[in-house]
Amino acid sequence: MTGPYKEGDFERAIEAYLTDPARGQARWLSGHPANYDAKLALDPVKLDAFIAATQAKQWQTLVTTRFGGDEGKARATFHQTVAKMLDSQGVLRCLRVGVSVMGVDFELAYFRPEHGLTKELTELYAANRVTVVRQLIYSTKNTNELDLVLFVNGLPVATAELKNKLTKQTVKHAMKQYRSDREASEPIFARRAIAHFAVDTDEVYLATKLASQDTVFLPFNRGHNNGKGNPPGTGGKYATSYLWEEVWQRDNWLDILRRFVHVSKNDDGERSVIFPRFHQWDAVLRLLAHARTNGAGHNYLIEHSAGSGKSNTIAWLAHRLAVLHADDEPVFDKVIIVTDRLVLDQQLGDTVYQFEHKTGLVQKTKGGSSELAAALSSATSRIIISTLQKFPFVIEKLGELPDRNYAIIIDEAHSSQGGEAAKALRTALGAGAAAAVDEEDKSEDEDEPSEAEVQDLIAASVKARGKQPNLSYFAFTATPTRRTLELFGSAVGGDQRAPFHLYSMRQAIEEGFILDVLRRYTPYSVLWQVASESGGDQEVENSKATQAIVKCVSRHPETLDEKARVIVEHFHHAVAPKVGGHAKAMVACASRELAVLTYFALTKAAKAQGHESFKPLVAFSDAVSVSGTSYTEAELNGFGEAELPGKFAWVPTGDPEKDAGHELHRLLVVAEKYQTGFDQPLLHTMYVDKKLRGIRAVQTLSRLNRIHPEKDDTFVLDFVNAGADIRDAFEDFYEATMTSATSPAEMYVAHGALTAYPVIDVADEQAFAGVFLGSDPLEPTAHAQLIGHLQGAVERFAQLPDDDERKGFRAALSKFLDIYGFLAQAVAFNDPKLEATFLYGRHLQNALPTQEGGSLDLGGDIVLTHLRIEALAEQDVSPGQGGTVSDPESGEVLPPVEPTKDRLAVIIADLNTRFGAELGSGDRIILEQVLGEMAEDPELVQEAKVNSKDNFLLVFGGAFEEEMLKTDNTNKAFFERFFSDETFRADLIAGVGEEFHRRSGGDELAA
């Protein structure tokens, strides 16, 4: 049988494409394997040809002044010196800075200049000899051949083993060949080539270091349907054609060697070559291409999953943006990176120095605004690193320098300090910051901002400045909020917003860069009953009372002790042996107070079970008061906050001297802090004791996904959440994250809803705008005039008939400001009326009286009478496919429903005995949760308010059944009876529907 199906045919197809004369200056040269000197590990023929074409004068100087005209001796010495320099300095450094031979300097490559102003540099770049050689015998010890070797001016820089599936050989065979049949000590592997490609017709893998059986190959695939692999080849191309058509394209390949590949050094001083993964390289090139074509003034959202290597992607992008030119002019004057990633400044500085060999190009600003201003005006600093909490000041300073263009790279909230960045942003943005944050992004502990809140605060800061034509934002995150998507996302399919570039969670999991944290998820059922010691005669708000009861139960000593017993017992039986016996676990708590109480309960349980050596640690910000005593993290742990990551990471070495003085910590109790941005590969299990929704669920549980050589799974034990809810949260971010853009029409609807309230007077608006925009800010009376124009609205707000109206006005004002602020980023409005309302409203929002509220303190009135904690079945709740982030709210503004009041005894009876013998305690809790979820549906609440009870029950039944289907069916008998017994279902719907109608204010209609 004959035909183009053998491995050699695959090789020839690749070589034919690379060396095709029709490709012009982009074509590769075809090399000859016989020209390779295995002892020197280079191709002297191509090296000599390059020197002759580009550096004839230097060569003549070497021959005549150092070797008396003996060209043969000069050539031999030159080859030997280059080989020795490659051995000692590495091929990357020699290509970038050249070599010195007997005091004469030679360049070994010329890279593409950033602009075309110097014709000579362009000509030298074109003179590079980029060569592909097939079937290269690389060793002096044997006749083994490499399928392909890539050379630059005679220096081997990459190797490739190719496999053809038609011969039943795959990429796995290529990797096995490298591991088993390629001796890692050979010069071409040990001291020359920086990348080794294993390639078949469908997939590509890459290694930067051969180490026999320990060689690590990483996927170098484009991804397919947001997962691993590559799209099928079309039009006569292979699925892997992108490798030689795009990555090995002459300009791209030289660019990768020049500005991507770099050498990294770990804490132990061990060096490793970093080669970009495909999605990193692709993202940087696409961003550069768009910025080069469109200039400054554009926003970009880069949604790259955990495990995507964002630090390196940011470093590469920052350097490239700093030198980016269009039409021989720089696109950006400065690049500013906003991040709390502590290692990024050192990493970025080291990386950029390898590319530029100059110091001072990267500057981290540690001081105040004066240092930042100096860095922005510096002639040498092209890349400036600032912290998240300084972001508002960065934007303010850039507003003072409108004649320059800036690229601002925003790293997602990556601080292991939890809510510290959000707190600082809140302070910097002022009182209006709270209104810019979605309710679902707020922490249960009001003093502990969530990391999702950081994204919303950044968006608030950006939109407060308005769209600036000289600023481009490059926002990196694994879990974009709706606000982030709307502000930084790209328009796709009409009003949809999507990331500019995506590397999905699904692809990261399937490619093995992170673990799937939902494969082993076990919810625990916590069943309880309470009673009121006082008899429950006091009147309280229904919703607040329910929250207070749940809070009281969660902090009850018996509850804490029982959960701690479960955690300690489970950890030591099921978790401790994992990850080579070094597994760690985290306990995520709903508040700082609960974290402290849990820490004490775990310490007590560990001692009771004989595990005192495994002392738990606790992490929370600031000081917290528990039962009248103030505690700090450092006091409880016995060392400073900055030491915690290292202390928690420590594992015994087995050497008594090295282990002396160290304590083994395997449990870390946290409250928001360390629930995001904490990369600890030994973290195997998460014990969840807090409600998790949306982004916060993904960010919290993703602490477990970091890979480790001995870590093959993870585990989640959840006391609070249902598996279906967690799966739904991950669904939004598993593949592509999208949201719908706010329509301009919604802004006018929101404006109409706001002006329907008799609060804002047009004359006050106009007068306020005139003073604000036209007065000298130093004018002594200007501030008083502004306050005066706001005072009338404040008084009219206070005169609204009831709290319901006042809450409705606040909601309408917040909605209008939110929508206008976002749309002003993308659409140029020529409507002075809206602008005046926006300007006036922003300040009025801060001038309105502070809202009353807060949690309800029931003191010692609640007594825990029954408690049972039991494990449910372990579940695999991994998402099956991607989803979408909830669409923005519509322009219609519905005021919050005023919570009804009832006697405490009635509320407790509702929690414990609403349906008597028909249901148990756990089922009553489930029904309470269902009511709470349904109460968040404004349309259903409105139906209850405007209909009689009997009419409302006609629509309530269907909604209740849908909500029951979403609920975790912990009591199968109850759920089976509900969906099979018509009488039971009707009675239950009637009873629960009547309660929902009453809570929603429907009883007022009857009255």
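In this predicted model, seven strands build an open sheet in the order 1-4-5-6-7-8-9, and their pairing is mixed. At its edges sit strand 1 (29–30) and strand 9 (218–219), each of which pairs on one side only. A second open sheet, also of 7 strands, follows the order 16-17-15-18-19-12-22 with parallel pairing. The points below walk through both sheets, then some helix pairs and a salt bridge.

**The mixed sheet and its helices**

- Inside the mixed sheet, strand 5 (residues 145–152) and strand 6 (residues 155–162) run antiparallel and are joined by 5 bridges.
- To find your place along this pair, look for Leu150, which stands opposite Ala158 in strand 6.
- Helix 7 (residues 171–181) lies across four strands: strand 5, strand 6, strand 7 (195–199) and strand 8 (204–207). The direction of helix 7 is at about 145° to strand 7.
- Helix 10 (residues 250–259) lies across strand 4 (130–137), strand 5, strand 6 and strand 7. With strand 5, helix 10 makes an angle of about 80°.

**The parallel sheet and its helices**

- The edges of the parallel sheet are strand 16 (362–364) and strand 22 (501–503), and each of these pairs on one side only.
- On average, neighbouring strands of this sheet are turned by 15° against each other, with direction ignored.
- Edge strand 22 pairs with strand 12 (residues 299–304) in the parallel sense, over 3 bridges. A handy landmark here is Ile302, standing opposite His501 in strand 22.
- Helix 11 (residues 278–294) lies across strand 12, strand 19 (471–477) and strand 22, and runs at about 175° to strand 12.
- Helix 15 (residues 391–399) also packs on the sheet, where it touches strand 15 (334–338), strand 17 (383–386), strand 18 (406–411) and strand 19. The directions of helix 15 and strand 18 make an angle of about 170°.

**Helix 11 with helix 12**

- Besides lying across strands, helix 11 has a helix partner: its axis and that of helix 12 (residues 310–322) come within 10 Å and cross at roughly 30°.
- Angles under 35 degrees count as roughly parallel, so helix 11 is roughly parallel to helix 12.
- The crossing of these two helices is right-handed.
- From helix 11, Gln280, Val284, Leu287 and Leu288 take part in the contact. They meet Asn312, Thr313, Trp316, Leu317, Arg320 and Leu321 of helix 12.
- Sorted by class, the residues of this contact are 6 nonpolar, 3 polar and 1 charged.

**Helix 21 with helix 23**

- Helix 21 (residues 557–575) and helix 23 (residues 592–608) cross at roughly 60°, their axes coming within 8 Å.
- Helix 21 and helix 23 are therefore oblique to each other.
- Helix 21 passes helix 23 in a right-handed crossing.
- On the helix 21 side, you will find Leu560, Asp561, Ala564, Arg565, Ile567 and Val568 in the contact. Facing them from helix 23 are Leu594, Leu597, Thr598, Ala601, Leu602, Lys604, Ala605 and Ala606.
- The contact holds 10 nonpolar, 1 polar and 3 charged residues.

**Helix 30 with helix 31**

- Helix 30 (residues 762–774) packs with helix 31 (residues 782–798) at an angle of about 160°, and the two axes are 9 Å apart.
- Angles over 145 degrees count as roughly antiparallel, and helix 30 and helix 31 are therefore roughly antiparallel to each other.
- Their crossing is left-handed.
- Helix 30 brings Asp764, Ala767, Phe768, Val771 and Phe772 to the contact. Helix 31 contributes Ala782, Gln785, Leu786, His789, Leu790 and Arg796.
- These contact residues divide into 7 nonpolar, 2 polar and 2 charged.

**Salt bridges**

- Side chains of opposite charge can pair when their charged atoms come close.
- Across the whole structure, a search finds 31 salt bridges.
- One of them joins Arg75 and Asp48, whose closest N and O atoms are 3.2 Å apart.
- This pair links distant parts of the chain: Arg75 belongs to helix 4 (residues 71–89) and Asp48 to helix 2 (residues 44–54), and the two residues are 27 residues apart.

Key
Residues are numbered from 1 along each chain as its sequence is written. This is a predicted model: local features need pLDDT of at least 70, side-chain atom pairs count only at pLDDT 80 or more; totals for chains, interfaces and linings use all residues. Side-chain values use heavy atoms; hydrogens and water are left out. Two strands pair if DSSP finds at least two bridges between them. Axes are lines fitted to C-alpha atoms, for helices over the stretch in contact, and angles run from 0 to 180 degrees between N-to-C directions. Contact means heavy atoms within 4.5 Å. Angles under 35 degrees count as roughly parallel, over 145 as roughly antiparallel, 65 to 115 as roughly perpendicular and the rest as oblique. A crossing is left-handed if the near helix is turned anticlockwise from the far one by less than a right angle, and right-handed if clockwise. Ala, Val, Leu, Ile, Met, Phe, Trp, Tyr, Cys and Pro count as nonpolar, Asp, Glu, Lys and Arg as charged, and the others, Gly among them, as polar. A salt bridge is a side-chain nitrogen of Lys or Arg within 4 Å of a carboxyl oxygen of Asp or Glu.
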